Amino acid sequence: MTSPAPAVRRKRPAKPQFTQTILVLEACCVLFATLVAYGLRVAPTPVVWAVGGGLALLLVVASGLVTRRGGYLVGWVLQGWLVAAAIVLPAVARDIAVLVALVFVGLWVAALRIGGRIDRERAEYDAAHPFEPGGTATA
């Protein structure tokens, strides 16, 4: 008695997975930077939490939107906000904040390009190696 071949599980697309990861990591970084800004009293407390906490929250929400229409555009807008927020910081933290923001923009671009390439290559492979209805590859 033979058991049926295990069903092939469809892989999750790489591009949204990579970009969601970048946005959540950015949110964590922004949250920690907000805690530092709060501790150093660089601005009034409500301003620090409105800007830092709001940006962190928007980044987490945007990570859930990347699979929807316009989701990547929202990610690009938030990258711009992140760089702008780093530029307006006091001089004591501006240099490192701009550097970190630019590193995250670079990671965002890499996630979009590499994730897209992986998804294209997976689609090409799947097209070249079709599966029979029983779940086994054709020889």
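The following exchange between a trainee and a mentor concerns the predicted model of this protein.

Trainee: Which conventions apply to the model and its numbering?

Mentor: The model is predicted, with local features requiring pLDDT of at least 70 and side-chain atom pairs pLDDT 80 or more, while totals for chains, interfaces and linings use all residues. Side-chain values use heavy atoms, with hydrogens and water left out, and residues are numbered along each chain as its sequence is written, from 1.

Trainee: How many helices does the protein have, and in what order do its elements run?

Mentor: Helices (H or I, at least four residues) and strands (E, at least two) are DSSP runs numbered from the N terminus. On that basis the protein has zero strands and four helices. From the N terminus on, the order is α-α-α-α.

Trainee: What percentage of the residues counts as buried?

Mentor: Buried denotes under 20% relative accessible area, exposed over 50%, and partly exposed the range in between (1.4 Å probe, protein chains only). The protein has 139 residues, and the share of them that counts as buried is 25%.

Trainee: Which element supplies the largest share of the largest nonpolar core?

Mentor: A nonpolar core is a set of buried Ala, Val, Leu, Ile, Met, Phe, Trp, Tyr and Cys residues joined through side-chain atoms within 4.5 Å. The largest one here has 20 residues, and L23, V30, L55, L59, L82 and W108 have the most contacts inside it. At least two core residues come from each of α1 (14-40), α2 (45-65), α3 (71-87) and α4 (91-128). The largest share, seven residues, comes from α4.

Trainee: Which residues does L59 contact, leaving aside its neighbours within four places in sequence?

Mentor: Contact means heavy atoms within 4.5 Å. L59 is among the residues with the most contacts inside the core. With neighbours within four places in sequence set aside, the partners of L59 are L23, E26, A27, V30 and L78.

Trainee: Is T19 buried or exposed, and which backbone oxygens does its side chain reach?

Mentor: T19 is found in helix α1 and is buried, with a relative accessible area of 0%. Leaving aside neighbours within four places in sequence, T19 is in contact with V66, Y72, W108, A111 and L112. The T19 side chain reaches two backbone oxygens: that of K15 at 2.9 Å and that of P16 at 3.1 Å.

Trainee: Is Q20 buried or exposed, and which residues does it touch beyond four places in sequence?

Mentor: Q20 also has its place in helix α1. Its relative accessible area is 16%, so Q20 counts as buried under the 20% limit. Not counting residues up to four places away in sequence, Q20 touches R12, S63, V66 and T67.

Trainee: How far apart are A14 and I118 in space, C-alpha to C-alpha?

Mentor: A14 has its place in helix α1 and counts as buried at 2% relative accessibility. Beyond four places in sequence, A14 touches G115, I118, D119 and R122. A14 and I118 are 104 residues apart in sequence, and their C-alpha atoms are separated by 6.4 Å.

Trainee: How far apart in space are G115 and K15, C-alpha to C-alpha?

Mentor: G115 is placed in helix α4 and is buried, at 0% relative accessibility. Leaving aside neighbours within four places in sequence, G115 is in contact with A14, K15, F18 and A110. G115 and K15 are 100 residues apart in sequence, while the C-alpha to C-alpha distance is 3.7 Å.

Trainee: Which element gives the most to the nonpolar patch on the surface?

Mentor: Patches consist of residues with over 30% relative accessible area and no salt bridge, with like charges joined within 9 Å and nonpolar side chains (Val, Leu, Ile, Met, Phe, Trp, Tyr) within 5 Å; a salt bridge is a side-chain nitrogen of Lys or Arg within 4 Å of a carboxyl oxygen of Asp or Glu. The patch is formed by L58, L73, W76, V77, W81 and V109, together with about 560 Å² of accessible area (Shrake-Rupley method, 1.4 Å probe). L73 is exposed, with a relative accessible area of 59%. The most, four residues, is given by α3.

Trainee: What is the phi of R41, and where does this residue lie?

Mentor: R41 has its place in the loop between α1 and α2. R41 is exposed, with a relative accessible area of 53%. Although R41 is not a glycine, its phi is positive, at about 55°.

Note on methods:
Polar contact = N/O pair within 3.5 Å; in protein donor to acceptor, adjacent residues only side chain to side chain.
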